[in-house]
Amino acid sequence: MEDLRLDPGQLGTGDMDPESFRRHGRAVVDRIAEYLANPERWRVLPAMEPGDLYRQIPPAAPSRPESMEAILADFDRLILPATTHWNHPGFFGYFAITGSAPGILAESLIAMLNVNAMLWRTGPAATELEDATLGWLARMIGLPDGLDGVINDTASASTLVALAAAREAAGLRIREAGLAGRTDVPPLRIYCSEEAHSSVDKAALTLGLGLRGIRRIPTDEAFRLDVGALEAAIAEDRAAGIRPIAVVATVGTTSVTAVDPVPAIADVCERKGLWLHVDGAYGGIAAAIPELRGVLAGCERADSIVVNPHKWMFTPIDCSALYTRHPAVVRGAFSLVPEYLKTPEGESVKNLMDYGNSLGRRFRALKLWFILRYFGTEGIADRLREHIRLANVFREAIDDATDFERLAPVPFSVVVFRHRPAELAGDEAALDAHNGRLLERINATGRYFLSHTRVRGKYAIRLAVGNLRTREEHVRGAWELIRRLARE
Ligand code: PLP
């Protein structure tokens, strides 16, 4: 075993020596390979109570070095059984995701370089590869050339940046003067559908617009934003002295994966001079499938659009791509260069710190590069197609069962449904409670994990396919279990 004591006479680097690194590295790689080969070894949802892990962690860090063997043994003993396994093929909750092997390898190299790409100078490869890979991603999903892209941690951050840019574009000098106490600025408003993600509301509260700064527009029978209602709301707000600044359209809403009518919304935004932001965090990636290109129709006219490779493109969390046609506006909202961050390159280069609130930036483009190259655009499309096929296997099972009800269309890989036994028909409160209990019983098995939503007020169970290792047997197995538990 290596000597872990720090001898001031022979301090060395203070880090692990190369031979030990190779040995422990092999142990880690073996674990990862084993984990990915046998993801079902673990319960998808751990059998634990809140606090169970915390109580097993000592109250203070060790004062003396510990061996990697001991640390890894505790990873196996404590962490793996206390983890919800998003890499499990029976993970069907929320938007199911997978961290693929090339992405995991890229993450190691990202950590190896430990680049902070705040400036071009502090991360030339990270900055330029980000531009190049975001160009690849844009081309893969059919976005027009010439968009400027940056990678953020999450779609929530991307939407916040986009809506900060929309606020900047309104020309109200908020950057200098803020909002508080101003009598020359009317209440500002952003529009999105009732089905839009809560990250839009969070952006409004972060940007000082308040939750009242969001107006949620009703949806049609397929849960798409109603454009007539949008126009009426904008007119009504203007008449009341409110200043509309932006519309957020969603491609693949969180609950039921609906696609808003972006071309018609873009018409409204153009006519009224509003910023159009498209949230394609989940559904936007589906445009990698050539026959589904149409899901992003109209997005070439958006002022900004977010898609998340970490949702449906096998990229280890986190990786969210934000594109805009107006990078200068984004910089106008965020760029601030203290003396110590000035460089000889000046404004001749892209400095990623200018495109959002955070100064530091991880080298996330590396994993995107690995994944786009390892799978290829056709490989990505094939896998997404397969996820959609699997979701439709489940959809057919729901549609064929007279005591189950599907609550929304299935444009992508998510099926939203409930059990509706004849004896509870018409009693909505009882149906809600029955389905809530059913979901808990499914998840308690540890074999599958599903999540829930409400659809037009009805409690609904969601099955989302998005994991590379999910096969037809998992979807059929989940259906058999759900059917049996529901009828017990
Ligand atoms: N937009 C949509 C449509 C989502 O469904 C979600 C999360 O599920 C988000 C945005 C937020 O994603 P993130 O976790 O990357 O912030």
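How exposed or buried is Glu236? Glu236 counts as partly exposed, at 48% relative accessibility. Keep in mind while browsing these close-ups that the model is predicted.

**Figure 1. Arg215 of strand β3 pairs with Glu236 of helix α8.** This view zooms in on a salt bridge between Arg215 and Glu236, whose closest N and O atoms sit 2.9 Å apart. Arg215 belongs to strand β3 while Glu236 belongs to helix α8 (residues 227–239), so the contact ties together parts that are 21 residues apart in sequence. Arg215 is partly exposed, with a relative accessible area of 22%, and Glu236 is partly exposed as well, at 48%.

**Figure 2. Asp201 of helix α7 meets Arg216 of strand β3.** Here the salt bridge runs between Asp201 and Arg216, with 2.6 Å between the closest N and O atoms. Asp201 sits in helix α7 (residues 198–206) and Arg216 in strand β3 (residues 214–217), so this pair links parts that are 15 residues apart in sequence. Asp201 is buried, at 16% relative accessible area, whereas Arg216 is partly exposed, at 30%.

**Figure 3. Four strands make an open, antiparallel sheet.** Reading across the sheet, the order is β8-β9-β11-β10. The edges are β8 (404–406) and β10 (451–455), each of which pairs on one side only. Ignoring direction, neighbouring strands here are turned by 40° against each other on average. Look at the middle of the order for β9 (residues 414–419) and β11 (residues 458–464), which pair in the antiparallel sense over 4 bridges. Within that pairing, Phe417 stands opposite Ile461 in β11.

**Figure 4. Helices α13 and α14 against the sheet.** Helix α13 (residues 428–444) lies across β9, β10 and β11, and runs at about 30° to β11. Helix α14 (residues 472–487) also packs on the sheet, where the strands it touches are β8, β9 and β11. The direction of helix α14 makes about 125° with that of β8.

**Figure 5. A salt bridge connects helix α13 to strand β9.** Zooming in on the helix from the previous view, we find Glu428 in a salt bridge with Arg418, the closest N and O atoms being 2.9 Å apart. Glu428 lies in helix α13 and Arg418 in strand β9, so the two tie together parts that are 10 residues apart in sequence. Glu428 counts as partly exposed, at 33% relative accessibility, but Arg418 counts as buried, at 2%.

**Figure 6. A network of salt bridges, and the total for the structure.** Salt bridges that share partners join five residues, Glu107, Asp318, Arg362, Arg364 and Lys367, into one network. Across the whole structure, a search turns up 44 salt bridges. Side chains of opposite charge can pair when their charged atoms come close.

**Figure 7. Two buried cysteines without a disulfide partner.** The structure holds 0 disulfides. Why is Cys299 not bonded to Cys269? The sulfur of Cys299 is 12 Å from that of Cys269, the closest cysteine sulfur, which is too far for a bond; a disulfide needs the two sulfur atoms within 2.5 Å. For Cys319, the closest cysteine sulfur is in Cys299, 19 Å away, so that pair is also too far apart for a bond. Cys299 is buried, with a relative accessible area of 3%, and Cys319 is buried too, at 1%.

Definitions and conventions
Residues numbered from 1 in each chain as written. Predicted model: local features only at pLDDT ≥ 70, side-chain atom pairs only at ≥ 80, totals over all residues. Heavy atoms only, no water. Pairing = 2+ DSSP bridges. Axes fitted to C-alpha atoms, helices over the stretch in contact; angles between N-to-C directions. Contact = heavy atoms within 4.5 Å. Salt bridge = Lys/Arg side-chain N within 4 Å of Asp/Glu carboxyl O. Buried < 20%, exposed > 50% of the residue type's maximum accessible area, 1.4 Å probe, protein only.
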